[in-house]
Amino acid sequence: MLNIGCHLSISNGFEAIGKQALEIGANTFQFFTRNPRGGSARKIEQADVDALKQLMSENGFLQILAHAPYTMNLCSAKPETREFALNTLKDDLQRMEYLPDNLYNFHPGSHTGQGVEKGTEQIISALNEAMFPEMNTTVLLETMAGKGSEIGEKFEELKAIIDGVDCNDRIGVCLDTCHVFDAGYDIVNDLDGVLDKFDRIIGLDRLKAIHINDSMNYLGCHKDRHQKIGEGAIGIDAFKRIVNHPSLKNLPFFLETPNDIDGYAYEIRLLKSMVE
Ligand code: FE
Ligand code: FE
Ligand code: ZN
């Protein structure tokens, strides 16, 4: 059985998003913790959260994935941007305790000219300030395409962050198929080789989720433009190998393809039909 969901809008609340996921054949979903451009988060209603928890347990849902806003940059050269990002991260991780035992994913950040080393130090120090020993959330670093000054396009960069984090058992990685392909990891012709590399550098035990997206552009382009499954440069055969790979097949998969709800429902059926 494939564990799969897609990115959904939380604007009607937690129970509504759970119902929507069910309707499209998903057993998990991803949502933004707040407006993707930043800003304040919606108020959490305990009854709404409890209704989602019940729906999830009744329907055998897997861990859900909360995604931080794209603007959250923990390693900007601008101190005020870093401070805003740290406050967002702290607030998000506190709020995640309403939904314990789930996943929180963020883009490590863009160093905006400071260099990877300096940026990495800033990301680590923010994580160590925001994470806390009693937390019940696993924080995931997303593999990035390497657009601009993004940190996290190389597995080594993610490993350096993980090594600096104090709450080591609460940190993992979310692999985005479009991003790693755009970063130059050839998951089309050498999926085993890429996963071996991931295992040697980071360790496959750290891999907790997959963002399953096709790419509009070619291998190593550093662009980050998602495409519908099978309509991009990664292609349907590669996705078939991805959903059936022994190291991946039991992980939760999240679609972030350019689709409306019917398009997501179709891709969920498509990917399920590929499972051998
Ligand atoms: Fe992302
Ligand atoms: Fe992603
Ligand atoms: Zn992306």
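## Strand 6 and its partners

Phe106 stands opposite Leu141 in strand 6. The model is a predicted one. Phe106 belongs to strand 4, which spans residues 103-106 and pairs with strand 6 in the parallel sense. Four bridges join the two. Strand 6 also pairs with strand 8, residues 171-176. That pairing is parallel too, again over four bridges. Here Glu142 has Cys174 of strand 8 as its bridge partner.

How many residues of strand 6 are buried? Five of its five, across residues 138-142. Both faces are covered. Thr138, Leu140 and Glu142 lie on one side, Val139 and Leu141 on the other.

## The iron site

Glu142 is also a metal ligand. The iron ion (ligand 1) is coordinated by Glu142 through OE, and by His67 and His107 through NE2. The distances run from 2.1 to 2.3 Å. Along the chain, these donors follow the spacing H-x39-H-x34-E. His107 sits in the loop between strand 4 and strand 5 (109-110), whereas Glu142 is in strand 6, so the pair ties together parts that are 35 residues apart in sequence.

Which residue coordinates both iron ions, ligand 1 and ligand 2? Glu142 does, and the two ions are 3.2 Å apart. Glu142 counts as buried because its relative accessible area is 1%, below the 20% cut-off. His107 has a relative accessible area of 16%, so it also falls under that 20% limit and is buried.

## The zinc site

The zinc ion (ligand 3) lies 5.2 Å from the iron ion (ligand 1). Three residues coordinate the zinc ion: His179 (NE2), Asp224 (OD) and His226 (NE2). Their distances are 2.0 to 2.3 Å. The donor spacing in sequence is H-x44-D-x1-H.

Two of these donors, Asp224 and His226, are buried. For Asp224 the relative accessible area is 15%. Asp224 is placed in the loop between strand 10 (214-215) and strand 11 (226-227).

## Positive phi angles

Most residues other than glycine have a negative phi. Asp224, the zinc donor, goes the other way: its phi is positive, about 65 degrees. Thr112 is another non-glycine residue with a positive phi, in this case about 45 degrees.

Is Thr112 buried or partly exposed? Thr112 counts as partly exposed because its relative accessibility is 43%, between the 20% and 50% limits. Asp224, by contrast, is buried. Thr112 is found in the loop between strand 5 and helix 4 (116-130).

## The largest pocket

The largest pocket holds about 260 Å³ of space. Its lining numbers 16 residues. Tyr70, His107, Met144, Lys147 and Glu150 lie nearest its centre. One of these, His107, is a donor of the iron ion (ligand 1).

What classes make up the lining of the largest pocket? Three residues are nonpolar, seven polar and six charged.

## Asp92 in helix 3

Asp92 is part of helix 3, residues 79-95. Its relative accessibility is 1%, so Asp92 counts as buried.

Which residues does Asp92 contact, leaving aside its neighbours within four places in sequence? The contacts are Thr33, Arg34, Ala68, Pro69 and Tyr104. One of them, Tyr104, falls within strand 4, residues 103-106. Strand 4 in turn pairs with strand 6, the strand that carries Glu142.

Notes:
Residues are numbered from 1 along each chain as its sequence is written. Chains are lettered from A and ligands numbered from 1 in the order in which they are written. This is a predicted model: local features need pLDDT of at least 70, side-chain atom pairs count only at pLDDT 80 or more; totals for chains, interfaces and linings use all residues. Side-chain values use heavy atoms; hydrogens and water are left out. Buried means under 20% relative accessible area, exposed over 50%, partly exposed in between (1.4 Å probe, protein chains only). Two strands pair if DSSP finds at least two bridges between them. Donors are N, O and S atoms within 2.8 Å of the metal (3.2 Å for Na, K and Ca); water is not among the atoms, so sites may look incomplete. On a 1 Å grid over the protein atoms alone, a cavity is a set of points where a 1.4 Å probe fits but cannot get out, and a pocket is an open set with protein on both sides within 12 Å along at least five of seven lines; lining residues have an atom within 4 Å of a point. Grid points are joined across faces, edges and corners, and a volume is the space filled by probe spheres set on the points. Ala, Val, Leu, Ile, Met, Phe, Trp, Tyr, Cys and Pro count as nonpolar, Asp, Glu, Lys and Arg as charged, and the others, Gly among them, as polar. Contact means heavy atoms within 4.5 Å.
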